[in-house]
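Student: Could we go through this structure together, one question at a time?
Tutor: Yes, let us begin once the sequence and the structure are on display.

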Amino acid sequence: MKVTIVGMWNSFPNGTEPTSGYLVEKDGVRILIDAGSGIAGHIQKYINIHDLDYIILSHYHHDHAGDVEAFMLARKVARQLRRVDRNLKIYGPESGATAKEIRRAKYSTFLPVRAQKVYTIGPFKLEFHRNEHTVETYAIRVTDNNGAVFVHTSDTCYRGSLVRFAFGADLLIVDSKLYEGFDGKVEGHMNAEEAGRLASKADAQLTILSNLPHHGEQEVLLDSAKQHPTGSIRLAEAGMTIEI
Ligand SMILES: [Zn+2]
């Protein structure tokens, strides 16, 4: 599968770079994981927005789901112009006002996510892990038909169950919003040391620190994560593509 980091900032877009959004592609099937603010515009650097039929939302905070309405409106326009004959399928947590809005939208279909269920979309198998965050939030494990595994933690405190969920990932994109020393439990995030610990214990081949903060020196995040022995580890960059 091919994974494109469309955006990776925490909270709000940074100049011309959006918040969280990861495009996963294989065999002509495209899935967008998270649709944070700025993603609906920037995804059009890579694909035609009308060719995207699946969006998975880890939760409904603005930096992960702020652009979902833009995608729904794009589908509405495409349907009215008869350019597309399919609904946009949006998977996400059951709780929250955004879920209700998606359910009400005429040209979108809402599919609630559950932790113990396996979902299939084209060549992809999707599984979900219930995170510890301020709202209902899920980590996502995507396995393709060749057995390649991509795990996106989204926002969460460090949890032992997440190690098991992410184990053996070829690509692990980790919430690493906080610098080492910050207690992530206060607002439901991992700091960079915990992100590195997760990568190490999960034996991930390539780890990318994402959901990056707007302050401080990001290289310090990398140094903190690297104190744990692991495979390759990098900082997320908008436009980065990874083949696994
Ligand atoms: Zn969040």
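**Helix H6 and the sheet beside it**

Tutor: In this predicted model, the buried residues of helix H6 are Ala192, Glu193, Glu194, Ala195, Gly196, Leu198 and Ala199.

Student: How many of the residues of H6 are buried?
Tutor: Helix H6 spans residues 192-201, and the buried ones include Glu193 and Glu194 alongside Leu198. A residue is counted as buried if 20 or more other C-beta atoms lie within 10 Å of its own. By that criterion H6 is mostly covered, and the count of buried residues is 7 of 10.

Student: Which elements do the buried residues of H6 pack against?
Tutor: Helix H6 packs on the sheet, with a direction that makes about 155° with that of strand S11 (171-175). The buried residues of the helix pack against strands and helices, namely H5 (160-166), S11, S12, H7 and S13.

Student: In what order do the strands of the sheet lie, and which strands stand at its edges?
Tutor: The sheet is open, has 7 strands with mixed pairing, and follows the order S7-S8-S9-S10-S11-S12-S13. Each of the two edge strands has a single partner strand, so one side of each is left without a neighbour in the sheet; these strands are S7 (119-121) and S13 (232-235).

Student: Which residue of S13 is the bridge partner of threonine 207?
Tutor: Strand S12 (residues 206-210) pairs with S13 in the parallel sense, over 4 bridges. Helix H7 (residues 218-225) packs on the sheet and touches both S12 and S13, its direction making about 160° with that of S13. Within S13, the bridge partner of threonine 207 is isoleucine 233.

Student: In which sense, parallel or antiparallel, does S10 pair with S9, and in which sense does it run with S11?
Tutor: Strand S9 (residues 138-143) and S10 are joined by 4 bridges in the antiparallel sense, with isoleucine 140 standing opposite histidine 152 of S10. Towards S11 there are 3 bridges, and there phenylalanine 150 has leucine 171 as its bridge partner. The pairing of S10 with S9 is therefore antiparallel, whereas S10 and S11 run parallel.

Student: Which residues of S10 point the other way from Val149 and Val151?
Tutor: Strand S10 covers residues 149-152, and its residues are all buried, whichever way they point. Val149 and Val151 point one way, and the residues that point the other way are Phe150 and His152.

Student: What is the handedness of the β-α-β unit that S10, H5 and S11 make?
Tutor: Strands S10 and S11 run parallel, and helix H5 belongs to the unit together with them. The handedness of this β-α-β unit is right-handed.

Note on methods: Residues numbered from 1 in each chain as written. Predicted model: local features only at pLDDT ≥ 70, side-chain atom pairs only at ≥ 80, totals over all residues. Contact = placed C-beta atoms within 7 Å. Axes fitted to C-alpha atoms, helices over the stretch in contact; angles between N-to-C directions. Buried ≥ 20, exposed ≤ 12 C-beta atoms within 10 Å, placed from the backbone. Right-handed = clockwise from strand over helix to strand, strands pointing away.
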